[in-house]
Amino acid sequence: MLTPVTPPPLEGTSSPQPAEAWQDLAAGLPEGVRVRLLHAVHGDPRAAAEAVRLLGARQSAGLDPLPTEPAELAPALLRAHRAQIRELPDDTRLLLLLAAADQYPVATHAFLRAVAAARLDTRPLEAAETAGIAHASATGVVFRDTWTRIAAYESGSPADRREVHLLLARVLRTGGETSLRSWHRGAGALGPSTRLAAELGAAATRSRDAGRLQQARALAERAAALSPDRPGQMLLLARAAAYAWQAGDGDRARRLAAPADGDALTGVLALRAGNAAEAFDALLAAVATEQGDSAEPAETDARQTPPRGSAHAAFTASSPMPPNGLLSPSVDPSPAPRPRTTALDVPDPALHLLARATEAAIYTGDLRRCRDAALLARRLGIVPPGTLGGLAAAFEGRYEDARDLLAAAAGRCGPGGDPTLLVHAGIAALLLGDHTLAAAATVRAAASARVRGATVVVAQAMEFRAYADFWTGRPRAGEAAATDALRQAYATGQDNGACHLQAALAMFAALTGDAEVCRERAATARSYARSHGLGLPAALAQWALAYLDLSSGRFAAAAARLRALAGFGPGHGHRAIRHMATPHYVEAAVRTDDTRVARAAHADYHRWASAVRSPDDLALSARCRALLAPGAEAVEHYRTALDFHARGTRDFERARTELLFGSALRRLRHRTEARDRLHSALEAFEHFGAPHCAAQARTELRALGAPATPAQGAPDDPTVRLTAQQLMVARMAAEGATNREIATRLALSPRTIDHHLRGVFTRLGIRSRIELVRLLGEGETR
């Protein structure tokens with residue numbers, strides 16, 4: 001967690017600006033820009049307040065990458081720190097420079113050895129401790145904060161910096177320190193060097209293989225600076241951009257990628273932070289170039305031009321493969337012609353690019369693009385990823401073929417695999433209705449990504465994990481995980497992923513009855529999705545609003561929204577969400593006596609459910625059939641649905657089936673069974689924290705003249721009385737966070753947080769935050 005610090009006053013001021021100043025200045029920034037900027041300044045609100053004033057209009061809008069160098073972010077703050085350091089004795093400043101070089105920007109942990117090797121006296125560090133700048137510890141020097149460490153390094157002259165780097169290189173002698181020694185040798189170089197560029201490039205590959213991606217980025221970037229020829233420099237910059245992106249530093253990746261022109265670079269970055277349709281086109285062009293095919297792909301809407309450089313190959317490894325699947329590193333700095341494949345190639349780079357293109361097609365919602373990618377793969381003699389082939393087959397109506405291809409992709413979800421392939425396994429499992437397998441695949445994807453240092457993949461895995469949490473009735477755990485993933489997505493520059501997570505959180509809010517949060521998150525997701533061609537989050541947000549309408553009894557509004565999901569295309573809808581929404585559309589249509597379109601939608605849904613043989617999908621299809629059937633004929637369809645539910649995992653949908661069945665039984669005057677079904681549904685809804693659905697069950701029970709079961713859980717347990725979102729807000733408020741701080745952490749407006757706190761106080765019967773702290777504290781000790 002980032003901890004704010006209190007740096008010295010800026011020039012011309014008498015006291016530090018408070019954190020509120022930064023929050024006021026950042027109020028108009030997009031959430032992603034706000035989060036990334038705070039990370040870039042190491043959590044220092046004073047530096048953030050200075051940095052936000054220096055942003056250009058396009059940077060403030062999130063269109064251009066943010067500054068990445070300290071001098072571009074907070075020059076006045078750095079000047080203030082450097083002024084303090086210049087007041088110290090020369091011997092003290094030398095020790096601080098040595099310590100800073102040992103820690104920034106690559107931590108090498110060699111300070112004490114360097115001090116011993118150079119026979120330096122560490123007593124001058126007492127002056128730094130007296131000044132409150134740094135202090136000595138058993139392992140080296142601890143700086144007051146990150147900005148002080150940066151200032152200590154930048155205060156040294158170029159000659160002094162080279163000298164301390166070479167000293168550190170001399171004491172890094174063990175085999176495991178080869179890459180760190182190379183870093184200091186490169187940092188101490190006087191100018192371009194073919195040999196050093198090659199050494200640093202090889203060290204970058206070793207660091208990447210070990211999962212130290214930020215270190216790999218620094219090594220590759222320094223290698224590019226030392227490379228004497230333009231082609232070698234561009235290749236190394238592309239590698240540095242790939243490493244930065246994988247490590248979650250999206251702004252640095254975009255800056256490094258700018259001079260290294262290529263479709264793979266453009267496509268991968270656009271996939272997570274740009275226009276998804278443009279990402280697809282660029283990635284498909286990169287596939288064609290990788291295979292030596294300069295012609296435009298057949299039967300595709302894309303109008304690409306051939307890539308303008310060979311650096312695109314660097315990004316084919318943007319999802320790290322297992323170390324034993326990588327080719328040996330080789331950096332050829334000579335200006336001689338290069339092959340397209342490079343040191344970063346994976347066993348089949350075209351396959352990885354196709355996997356990325358598949359993700360772009362999923363995000364757009366235009367599954368015709370999957371067909372186009374599959375056609376290109378066949379033409380080039382590539383066996384496409386299973387998810388790509390499955391989606392292409394589904395688009396063409398070949399549901400049995402789609403099932404087999406998706407099942408093969410979903411089966412590749414063993415522990416320790418490639419994180420991108422595990423994400424694809426999770427997506428395939430979701431499409432097949434296997435939420436247990438989807439949860440396992442996405443959790444393993446996140447774990448594998450963390451081990452490899454691929455921070456950027458973690459949030460993506462959690463995007464799709466949210467669906468499994470939702471359908472299996474874990475709204476609180478799912479909402480907490482999705483909220484954390486949202487912060488990660490914003491922090492790593494994945495605004496497209498953040499849009500998807502906003503829609504997922506709208507979905508959770510719809511289930512738990514948080515209407516205001518649902519509408520706010522859905523509006524945020526839909527606005528961004530429309531401008532970036534993201535059909536998936538746009539459709540999911542629309543579905544969340546429809547689900548909120550349906551569970552609140554606004555059936556006409558729900559039917560209208562759900563009917564609109566039948567159309568798909570960039571920014572308008574999504575076939576996968578259409579299948580997800582069909583059972584609810586049928587319910588809403590029946591409630592409004594307009595079933596013509598709903599019957600056709602159910603027919604397609606039943607065909608898919610029969611092909612994939614998912615118990616949950618077959619249960620929902622049977623429920624649709626029951627809703628569309630007249631009178632007593634519906635009873636057997638409901639029983640069939642519950643039989644399938646017993647073999648599935650969608651416990652929440654099972655409760656909705658029981659609610660609908662109980663309502664039908666009440667109308668048929670089967671009072672005893674109706675009461676049992678409705679009580680069972682009510683108990684489940686209260687367990688899931690779904691108040692609107694629980695209210696529907698109570699209404700049906702009252703119509704029967706039967707008493708409703710009391711709320712589950714101990715009456716003095718405050719968590720039972722709060723929705724998932726309210727509980728999160730309440731806990732943060734009890735920890736002392738202000739409304740504005742809570743709003744920032746949850747990516748909501750302060751007005752919505754105020755609304756939630758009023759709801760919390762009302763539900764708990766309290767009037768102040770002091771009472772809230774006491775009540776939650778008592779609840780946690782039980």
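Ser-137 has Gly-140 as its bridge partner in strand E2. That pairing is a good way into this predicted model, which also holds 2 cavities of 30 Å³ or more. Here's a quick tour: the hairpin, then the cysteines, then the two cavities one at a time.

**The hairpin**

- Strand E1 covers residues 134-137 and strand E2 covers residues 140-143, and the two run antiparallel to each other, paired over 4 bridges.
- To get from E1 to E2, the chain goes through a hairpin of 2 residues.

**Cysteines**

- If you're setting up bonds, the disulfide count here is 0.
- Cys-624 is buried, because its relative accessible area of 0% falls under the 20% cut-off.
- Cys-693 is buried too, at a relative accessible area of 1%.

**The largest cavity**

- Rolling a probe the size of a water molecule over the atoms is what shows where empty space is left.
- The largest cavity holds about 450 Å³ of space.
- It has 26 lining residues, and the ones closest to the centre are Leu-430, Leu-431, Ala-576, Ile-577 and His-579.
- Six helices are worth pulling up in your viewer, as each gives two or more residues to this lining: H21 (386-395), H23 (419-431), H25 (455-471), H31 (575-591), H32 (596-612) and H33 (615-628).
- Which helix gives the most to the lining of the largest cavity? That's H31, with 6 residues.
- As for chemistry, the lining of the largest cavity splits into 19 nonpolar, 4 polar and 3 charged residues.

**The second largest cavity**

- The second largest cavity comes in at about 60 Å³.
- Its lining is made of 10 residues, and those nearest the centre are Trp-245, Arg-272, Arg-356, Val-456 and Gln-460.
- Helix H17 (263-273) and helix H25 each put at least two residues into the lining of the second largest cavity.
- H25 is also on the list of helices giving two or more residues to the lining of the largest cavity, so keep an eye on it when you look at either one.
- How do the lining residues of the second largest cavity divide into nonpolar, polar and charged? The split is 5 nonpolar, 3 polar and 2 charged.

Notes
Residues are numbered from 1 along each chain as its sequence is written. This is a predicted model: local features need pLDDT of at least 70, side-chain atom pairs count only at pLDDT 80 or more; totals for chains, interfaces and linings use all residues. Side-chain values use heavy atoms; hydrogens and water are left out. Two strands pair if DSSP finds at least two bridges between them. A disulfide is a pair of cysteine sulfur atoms within 2.5 Å. Buried means under 20% relative accessible area, exposed over 50%, partly exposed in between (1.4 Å probe, protein chains only). On a 1 Å grid over the protein atoms alone, a cavity is a set of points where a 1.4 Å probe fits but cannot get out, and a pocket is an open set with protein on both sides within 12 Å along at least five of seven lines; lining residues have an atom within 4 Å of a point. Grid points are joined across faces, edges and corners, and a volume is the space filled by probe spheres set on the points. Ala, Val, Leu, Ile, Met, Phe, Trp, Tyr, Cys and Pro count as nonpolar, Asp, Glu, Lys and Arg as charged, and the others, Gly among them, as polar.
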